[in-house]
Amino acid sequence: MTHTWSVQRCDTARLADVVALGNLAFGDGYFDLPKIKDILNNGAPFYTAYGETGDLIGYCCSLYLPMREAERHMKLPENAFAGRLEPETPVCFMKSMAIAEEYKGKGLADRLFASCLADAVTDGLRFACSSAWKIGDSVPMRRIFQSHGFVVHSEIPMLWFDDKDYTCVVCKGSCRCSGVIYYKFLNGKDD
Ligand SMILES: CC(C)(COP(=O)(O)OP(=O)(O)OC[C@H]1O[C@@H](n2cnc3c(N)ncnc32)[C@H](O)[C@@H]1OP(=O)(O)O)[C@@H](O)C(=O)NCCC(=O)NCCS
């Protein structure tokens, strides 16, 4: 079966659908409306995809943050990229992405991720990073990060454990999953 989709910048009116897809993919409490509004209001690239029937079938959102805040999100010590980025340097933190079950494995995540990254480059950001979900030994986003030139910095055990509102769909309670930290200097600068 072939699928078609349309990809666009996220629209305020459809935020509830993003919350629902995020919670389905990661577990209850992962997103709520205030959280997703804050992400949209940050103004960093946030793309959504819709299927033939107009349903939301995927999203990829990011945040532009000073390096020291991105480090906090990733539970890295301050100055984890010592000497290469100042704490106040704005960076693109790839926050979250999910694809509806029926549309997985068709390149949609890659398409949404590429759109976010291209905008970050256009906006003049020098650096992108993310904490990728590790489920057992598998990192669902590994191929996508690798194919876009990201490299692994480190692995952080129980990265999301402190988020008490969140019930991980894998752990069935507080999340004990690790996060793998990926990063990339954009435009080949500072490599
Ligand atoms: C991870 C996810 C976003 C990938 O979406 P997708 O549209 O299926 O991805 P793509 O079709 O663009 O595939 C990109 C690559 O990732 C690989 N991949 C996809 N899901 C994978 C998984 N669960 N484990 C390992 N590799 C996976 C694909 O095989 C593909 O590699 P290829 O180019 O060599 O074929 C999707 O599976 C999803 O929503 N998962 C649940 C939520 C999640 O894990 N989000 C990411 C959190 S960091």
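Start at the ligand in this predicted model: select the 18 residues around the ligand, then pick out Lys 104, Ala 109, Asp 110, Pro 140 and Arg 143, which come nearest. Now colour the elements that give two or more residues to this shell: strand S4 (90-99), helix H4 (108-122), strand S5 (127-134) and helix H5 (142-147). Colouring the shell by residue class gives 11 nonpolar, 3 polar and 4 charged residues.

Next, switch to a cartoon of the protein chain. You will find 5 helices and 7 strands, running β-α-α-β-β-α-β-α-β-α-β-β from the N terminus.

Select the strands, and an open sheet of 7 appears, ordered S1-S2-S3-S4-S5-S7-S6 with mixed pairing. At its edges sit strand S1 (6-9) and strand S6 (151-156), each pairing on one side only. From one strand to the next, the twist averages 20°.

Zoom in on S6 and strand S7 (residues 178-185): these run antiparallel, joined by 5 bridges. Here Glu 155 stands opposite Val 180 in S7.

Now add the helices that pack on the sheet. Helix H1 (residues 15-26) touches strand S2 (46-50), strand S3 (56-66) and S4, and its direction makes about 95° with that of S3. H4 touches S1, S2, S3, S4 and S5, with its direction at about 30° to that of S3.

Finally, zoom out. The C-alpha trace spans about 50 × 40 × 30 Å along its principal axes. Its radius of gyration is 16 Å, which agrees with the value near 16 Å that a compact globule of 191 residues would have. Colour by burial, and buried residues make up 37% of the 191.

How values were computed
Residues are numbered from 1 along each chain as its sequence is written. This is a predicted model: local features need pLDDT of at least 70, side-chain atom pairs count only at pLDDT 80 or more; totals for chains, interfaces and linings use all residues. A residue is near a molecule or strand if its C-beta atom, placed from the backbone, lies within 6 Å of it. Helices (H or I, at least four residues) and strands (E, at least two) are DSSP runs, numbered from the N terminus. Ala, Val, Leu, Ile, Met, Phe, Trp, Tyr, Cys and Pro count as nonpolar, Asp, Glu, Lys and Arg as charged, and the others, Gly among them, as polar. The radius of gyration is taken over C-alpha atoms; the globule rule is 2.2 Å times the number of residues to the power 0.38. A residue is buried if 20 or more other C-beta atoms lie within 10 Å of its own, exposed if 12 or fewer, and partly exposed in between; C-beta atoms are placed from the backbone. Two strands pair if DSSP finds at least two bridges between them. Axes are lines fitted to C-alpha atoms, for helices over the stretch in contact, and angles run from 0 to 180 degrees between N-to-C directions. Two residues are in contact if their C-beta atoms, placed from the backbone, lie within 7 Å.
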